[in-house]
Amino acid sequence: MVGLLVASPIFASLAKSHNPFRLIGVGLSVWTFAAAGCGSSIDFWSIAICRMLVGVGEASFISLAAPFIDDNAPAAQKTAWLAMFYMCIPTGVAVGYVYGGLVGSHLNWRYAFWGEAILMLPFAILGFVMKPLQLKGFSPADSKKALASIETAASVEDSEASVISGDVPVGIEGVSNQGSGKSSKIRDPPVSSWFSSDHLMNIELHLIKLTGLSILNQFSRFAKDMKVLLRDEVYVVNVLGYIFYNFVIGAYSYWGPKAGYNIYHMSNADMMFGGITIVCGILGTISGGLILDRMTSTISNAFKLLSAATFLGAVFCFSAFCLKSLYGFIALFSVGELLVFATQAPVNYVCLHCVKPSLRPLSMAISTVSIHIFGDVPSSPLVGIFQDHVNNWRKTALVLTSVFFLAAGVWFIGIFLKSVDRSDENGENQASAHSKANLKPLLSGGEDHCGEA
């Protein structure tokens, strides 16, 4: 979890200066080597570090996969495609239980990690060898040449400024005197001066300065983008509702079996809660995407579906914990889980479409970080503290389920916000026609420059 939360914003920020498709390849490579490292671990700290790096690998997908899906999905099926992607979460949990059980019972536990690494390796390689897809809102790969030209031009201007100010770079002497009409004379320094301590120190200081400026620019751009996100009312309301939602889901996954065992005396509470969550997670996630596409995918309709599905799901789950019958509980709780999982595609649709394309990776990353830090991570210990205080699992389950009503209320507010679908707006990294028109070729116009001088 630490690796996932730390690396998600980093991958989202790097997408502005590196091809996002290649970043996914980097993330999958880290995931592959980390999984193999878990299988080869020798002590607790080695496996803990490798598990953290697995989260780093996952972070690239968290931030970048959904925007790619949104770009390439048909206009009438965007939410359904997102639902298929997020359906893989409960599906992966189900397959993981089966895979881990089979490998653990027949082979050593290390083979489970090594097998995962082998299965993922081809996908990591494809991330580097395939022709990269372009993400909407980001400059195409060819435009990096233009960007390099701009940076070169800037460095030339900096050099000229340093000459004018009297700070003559090493290797340039006899610069032309504009008042006298004498031609400039450029003479290379002696070879021995290349390795002088002063020259090497100047190079080192220059590299440190460039590195520092690059890091400073990254932080400045990140801060600017975060300010835009936090000022977006639609985005903030959407993520706030998602936090309340995950607060309940996280506690359900951790305390659900124990609560079921104490309230209904289930002998197989783990399998019961796990099976309901997996089946309802798959069916609910797909249904949510299909329903929103049928309603016409808009941010306002997404909020309507989010609030309605969560409210009804909360009613069914709350009613389930009020019943004394085990079979009645299973029936109502299954319907409730089916409804609350219908939110997965719509909530991520809002995250993708309420911001302009260049902010989508960061939007997904901050959403993921927020729902974990403020949602499912603190919910389990808080519910445990509450249960220790009341010593009544039924009351604890009812209070926890009530948080679903808060999520539904927050998303209901989103219906009345002024929402604009920004998915078709130009990205800020794309060069404007005006800037391209004003960009002078670097290798031409030299005579004009001399003439102006």
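Trainee: In which helix is Asp376 found?

Mentor: This is a predicted model, and in it Asp376 belongs to helix H14, which spans residues 360–390.

Trainee: Is Asp376 buried or exposed?

Mentor: The label rests on relative accessible area, with buried meaning under 20%. Asp376 has a relative accessible area of 17%, so Asp376 is buried.

Trainee: Which residues is Asp376 in contact with, leaving aside its neighbours within four places in sequence?

Mentor: Those residues are Asn246, Phe247, Gly250 and Ile371. A separation in sequence may also be set beside a separation in space. Asp376 and Ala251 stand 125 residues apart in sequence, yet their C-alpha atoms are 6.6 Å apart. In addition, the side chain of Asp376 makes a polar contact of 2.9 Å with the side chain of His372.

Trainee: How should one describe two packed helices?

Mentor: One gives the angle between their axes together with the distance between the axes. For H9 and H14, the axes come within 7 Å and cross at roughly 40°. That angle is why H9 counts as oblique to H14. As for handedness, H9 passes H14 in a right-handed crossing.

Trainee: Ser370 also lies in H14. What is its relative accessible area?

Mentor: The value for Ser370 is 12%, and Ser370 is therefore buried. A polar atom of the Ser370 side chain lies 2.7 Å from the backbone oxygen of Ile366. Setting aside neighbours within four places in sequence, Ser370 is in contact with Val239, Ile243 and Gly375.

Trainee: Where does Thr310 lie, and how is its side chain placed relative to the backbone oxygen of Leu306?

Mentor: Thr310 lies in helix H11, residues 299–322. A polar atom of its side chain is 2.6 Å from the backbone oxygen of Leu306. The relative accessible area of Thr310 is 0%, so this residue is buried. Not counting residues up to four places away in sequence, Thr310 touches Leu305, Val340, Thr343, Phe404, Ala407, Ala408 and Trp411.

Trainee: Which residues touch the most other members of the largest nonpolar core?

Mentor: A nonpolar core is read as a network of buried residues joined through side-chain atoms. The largest one here has 68 residues, and Tyr245, Phe303, Phe329 and Phe333 touch the most other members. Helix H9, residues 233–264, supplies the largest share of this core, with 16 residues. A second, separate core has twelve residues, including Phe11, Ala59, Leu64 and Ala124.

Trainee: What does Phe303 touch, not counting residues up to four places away in sequence?

Mentor: Phe303 touches Val234, Val237, Asn238, Val350, Trp411, Gly414 and Ile415. Trp411 also appears among the residues that Thr310 touches.

Trainee: How many residues of helix H13 are buried?

Mentor: Helix H13 covers residues 344–353, and ten of its ten residues are buried, so the helix is described as mostly covered. Among them are Gln344, Asn348 and His353, along with Val347, Val350 and Leu352.

Trainee: How do these details fit into the chain as a whole, and how many helices and strands does its secondary structure contain?

Mentor: The secondary structure comes to 17 helices and zero strands. Of the 453 residues in the chain, 41% count as buried. For contacts, one may ask what share joins residues well separated in sequence. Among contacts in the chain with a separation of 6 or more, 80% are between residues 24 or more positions apart.

Terms used:
Residues numbered from 1 in each chain as written. Predicted model: local features only at pLDDT ≥ 70, side-chain atom pairs only at ≥ 80, totals over all residues. Heavy atoms only, no water. Core = buried A, V, L, I, M, F, W, Y, C linked by side-chain atoms within 4.5 Å. Buried < 20%, exposed > 50% of the residue type's maximum accessible area, 1.4 Å probe, protein only. Helix = DSSP H or I, 4+ residues; strand = E, 2+ residues; numbered from the N terminus. Contact = heavy atoms within 4.5 Å. Polar contact = N/O pair within 3.5 Å; in protein donor to acceptor, adjacent residues only side chain to side chain. Axes fitted to C-alpha atoms, helices over the stretch in contact; angles between N-to-C directions. Parallel < 35°, antiparallel > 145°, perpendicular 65-115°, else oblique. Left-handed = near helix turned anticlockwise from the far one by under 90°.
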